[in-house]
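Visitor: Hey, can you walk me through this one? I'm new to reading structures.
Guide: Sure, have a look and ask away.
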Amino acid sequence: MPTSSEPKPEQNSAQAAEHVASAHKILKELQKKVGDHPELGEAITRLEMALNSLAIKTGGLL
């Protein structure tokens, strides 16, 4: 039986998704302030890909 201090894989995925979604939101807001920038666009794209990967790994239960 797992102890309460051991995180469940679903919790790790959900927490990771929350962090990625938060970073995505911050970068999108920054992009609105400074305008289009190739590095910001690349960071946003990579975060979107990470969110998609997490959604696939968790069966869309994010």
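Visitor: Which residues of α2 are buried?
Guide: Leu40, Ile44, Leu47 and Leu54. Buried means under 20% relative accessible area, exposed is over 50%, and partly exposed is in between (1.4 Å probe, protein chains only). Keep in mind this is a predicted model: local features need pLDDT of at least 70, side-chain atom pairs count only at pLDDT 80 or more, and totals for chains, interfaces and linings use all residues. Residues are numbered from 1 along each chain as its sequence is written, and side-chain values use heavy atoms, with hydrogens and water left out.
Visitor: Where do the buried residues sit, seen down the axis of α2?
Guide: They fall within an arc of 85°, so they line one face of the helix. That arc is taken from the directions from the helix axis to the C-beta atoms.
Visitor: And what does the face turned away carry?
Guide: Exposed residues, including Pro38, Glu39 and Arg46.
Visitor: Back to Ile44, what does it contact?
Guide: Leaving aside neighbours within four places in sequence, Ile44 is in contact (heavy atoms within 4.5 Å) with His24, Leu27, Lys28 and Gln31. Ile44 has a relative accessible area of 4%.
Visitor: New topic: how many salt bridges are there?
Guide: The count is one, taking a side-chain nitrogen of Lys or Arg within 4 Å of a carboxyl oxygen of Asp or Glu. Arg46 pairs with Glu42, with the closest N and O atoms 2.7 Å apart.
Visitor: How far apart are Arg46 and Glu42 in helix α2?
Guide: Four residues, so about one helical turn separates them.

Conventions. Helix = DSSP H or I, 4+ residues; strand = E, 2+ residues; numbered from the N terminus.
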